[in-house]
Amino acid sequence: MKLHWSPRSPFVRKVTVTLHETGLIDRVDCVDTHVGMKETNRELMRENPLSKLPTLILDDGNALFDSPVICEYLDTLHDGTKLFPAGGPERFAALRWQALGDGLLDLLVLWRNEAIRPPGTFSPPHLAAFEAKVEATLNRIESETSALAGAPFGIGHIAIGIGGSYLDFRYADRDWRTSRPAFAEWHAGFAARPSVRATEPVAD
């Protein structure tokens, strides 16, 4: 299989952490692929018209996107403990946590894209809205950390954990831990996992 990949995309990192956790990392060739908000990658668009990362090309040539679909597909290819529960309340809790983590990443990416626009062109109301939504999401994660810690490690843990890691990567000057001690403690354990250590992002 071929994975269109970037060393800085948190959604790609979701997939590569999943590959390590499932023991499938050696079955995928990672292809460094550049995409941007204001440009198109015509080669990638032949396989994924959205021109977004990650995109996984299967052995039969079909493409899967985006990270929730790719991660769930990969979870069908191994015989170990599954990252996606098969059904029941456990499955929907995992999917909900995945949505919470992915939503945090969406907010952080959009917030950064707005913040790095040239002076006089960014929108203060948008920046304020992104910040408020990120703070609310982190507070919700803090309130649910006990339940997260008590559940078997799965896709929700990966998504939320990478959300915290992306804060450290792109927003290193923000102190998100002091008012969220439970999440901070849980995230320290997440960051120490071999799959997470093996997929540290590369600075620009």
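**Core and helix packing in a predicted model**

Leucine 74 touches Met1, Val15, Thr18, Leu19, Leu24 and Leu56, leaving aside residues up to four places away in sequence; contact here means heavy atoms within 4.5 Å. The model is predicted, so to speak of local features requires pLDDT of at least 70, side-chain atom pairs count only at pLDDT 80 or more, and totals for chains, interfaces and linings use all residues. Residues are numbered from 1 along each chain as its sequence is written, and side-chain values use heavy atoms, without hydrogens and water.

Leu74 also appears in the largest nonpolar core, where Leu56, Leu74 and Leu108 touch the most other members among 41 residues. Such a core is a set of buried Ala, Val, Leu, Ile, Met, Phe, Trp, Tyr and Cys residues joined through side-chain atoms within 4.5 Å. Helix H4 (88-115) is one of the elements that give two or more residues to this core, and H4 gives the most, with 7 residues.

Helices H5 (residues 124-150) and H7 (residues 181-191) have axes that come within 8 Å and cross at roughly 55 degrees. Helices are DSSP runs (H or I, at least four residues), numbered from the N terminus; axes are lines fitted to C-alpha atoms over the stretch in contact, with angles from 0 to 180 degrees between N-to-C directions. The contact includes Leu148 of H5 and Trp186 of H7.

Both residues meet another helix too: histidine 157, found in helix H6, touches Leu148 and Trp186, among others. At 4% relative accessibility, histidine 157 counts as buried (under 20% relative accessible area, 1.4 Å probe, protein chains only).

Notes. Buried < 20%, exposed > 50% of the residue type's maximum accessible area, 1.4 Å probe, protein only.
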